[in-house]
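Hi,

Here is the structure I promised to pass on. Have a look at it first, and my notes on the aromatic side chains follow below.

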Amino acid sequence: MRGGGRTARVYTHRQCNQACAFCDRRAPTDDPRFVRAAKERIEEASADVLVLTGGEPTMRRDLPALVSLAKTRAATVELETNGALVDNALAKALHQAGLDRARVHLPGWGDDADRVTRDPGGFAATARGVEALIAASVALEIAVPVVASNAVAIASLPARISEAGWPVEALVVGVPTRGPSSILPLAEAARAIERLEAEARRFDLALRLDPHTHVPPCLFQHPARIARLFRLTPGGKLREGIRQVEACATCVVGDRCPGVPEGAAVEPRPIAEDRVRRRLSLISTVEAQVARELFQDEVIRLRGGGTRAMRTVRVGFRCNQVCDFCFVSTHLPTAPADDVERVIREAAARGDTICISGGEPTLEPRLVDWVRLAKREGASFVELQTNATRIDASAAAELREAGVDLAFVSLHGSKASISDAVTGAPKTFNKTVAGIDHLLASSIIVRVNFVFCQTNLADFPDYVDWVAERWPGVEICVSFVAPSTDMVPRKEALIPRYSDVVPFLGEGVRRALAKGVALSGFDSMCGLPLCLVPRELTDVFAIDDAPDAYAGDEVVRSEACEGCDLRTRCFGLRRGYAELHGTGELRRIRIRP
């Protein structure tokens, strides 16, 4: 299943025009009865996605007819092919027959590919086939097998694909484990996938594991970094051909990881970090979690009184940074475009503020379209939540023209050493700074968001000075690590005590007042309990009451909250914080007339 429901695979035949050493599907000849029965297999299929595979399906002259028949059985028809036999006429015929997507087998680039497929000139033919499919408007994925003969070379694929300008939806990685030869040990395959994933991220290419491939996450050097490849569901550890071994008993993902492929010579390394478990996991199904996290409605309390309705829409979930405190499931696939459009239209029709968010929304190719849609449908205000690392002068101007009013930019330190440590993305601090410069130059209002955590808390006073000097007039939103979902680790190494934060916060507030820097965020769920907010910020005590039941069971109260004059205006204490540090820091506030 690839996020769109049930998937059925139908083999058209077994012969292939290439001769990959690791292939265990190819046969030198076909049983005529098996070939003739392809139509029956298609008619018997019941699925949302129907995949025609082989052998090499394009060797069949009746392939367009098979695609047309498949389209009567499933909403989406996909073709697995090496593309070498595809020309413009065939690509057009397949598209007209109803082919939605082609997954083209590409084990390398140029001669590297030909050595794997043992088909001299095969890569050039595949490249022509890919161009023909693109010209025929067939969506394109690239299937990348990881084997002994290409383990090093595949890391160059993202750069080559980018240079070629191919509109690839995703790289789909498979690790053969039962082929005749060229099989790569799983631990070495994990290293190769990590190198490929790092390059794919650099070129903004989506990457996922083939559903028939399972490389235990514990074999990767940094499982949290490749978490987007996994969709482990509690209770989902039963899988044919894969078993758990003794080492799996102490692994924190042992209740959802199937283990290792039978016969694989590898010893798993149990995962002990709860943070990694959270990033590897799903609450239920992919579809359910995407729907749950696609949007969030909230009420913003305005300065000077009053409120404003805002809908935050996650137009994509992937991100090019890996902040430990991020509560977004960045391993989820992008929601269907129709769903994104629907939730934007609904809120815009009410005149709500629309906040376009992610993940990192600038990774999504339709970002500008979504902004224009929100404005066109009546949104009163459009905010973009971003790390700004991909925003140059041209992108900023386009976003402003489309209708972005304000950019809410994540920037968690005053220098690269601190910011890059928080985001887990080296060399992105300078990119964010440049992005903010471009946004301001395009007359987009910018608010920078500083999330207090153990790594950066002492930097806040210097951060205020630096922002005031570099970007006079830019507001700073003060946030605190929010242990609100299962994605955020509840550890003291990440989440400081409020009492440890307050001295640095207080000094930052004093400098902000002296330099005319506006501070905000204290009245939100991501701020501090109001009893701990520095008293210099007297406007905090004039805000409207918090929306009834807005925080639900996400927050808790202590005895100090009873009788506090800020009781109705304060969200209280995050439940996750209370479980980690207790409620003893809260105090009752009395406001004098």
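Before the cluster, the rule for a pair: rings of Phe, Tyr and Trp (for Trp, its six-membered ring) count as paired if their centres lie within 6.5 Å. Keep in mind that this is a predicted model.

With that rule, Phe429, Phe450, Phe452, Phe460, Tyr463, Trp466 and Trp471 come out as one aromatic cluster. Two of its members, Phe452 and Phe460, make a tilted pair, with 5.0 Å from centre to centre and 50° between the planes. Are these two rings buried or exposed? Phe452 counts as buried because its relative accessible area is 0%, and Phe460 is buried too, again with a relative accessible area of 0%.

Going through the whole structure, the search turned up 14 aromatic pairs. One of them is Trp109 with Trp166, also tilted, at 5.2 Å between centres and with 45° between the planes. What I like here is where the partners come from: this pair links distant parts of the chain, 57 residues apart. Trp109 sits in the loop between strand S4 (101-105) and helix H5 (111-117), while Trp166 belongs to the loop between helix H7 (157-164) and strand S6 (168-174). Both Trp109 and Trp166 are buried.

Last, a couple of charges over rings. Arg14 has its charged end over the ring of Tyr11, 4.6 Å from the ring centre. Arg41 does likewise with Phe34, its charged end lying over that ring at 3.9 Å from the centre.

Cheers

Methods:
Residues are numbered from 1 along each chain as its sequence is written. This is a predicted model: local features need pLDDT of at least 70, side-chain atom pairs count only at pLDDT 80 or more; totals for chains, interfaces and linings use all residues. Side-chain values use heavy atoms; hydrogens and water are left out. Rings of Phe, Tyr and Trp (its six-membered ring) pair if their centres lie within 6.5 Å; planes under 30 degrees apart count as stacked, over 60 as edge-to-face and the rest as tilted. Helices (H or I, at least four residues) and strands (E, at least two) are DSSP runs, numbered from the N terminus. Buried means under 20% relative accessible area, exposed over 50%, partly exposed in between (1.4 Å probe, protein chains only). A charge sits over a ring if NZ of Lys or CZ of Arg is within 6 Å of the ring centre and within 35 degrees of the ring normal.
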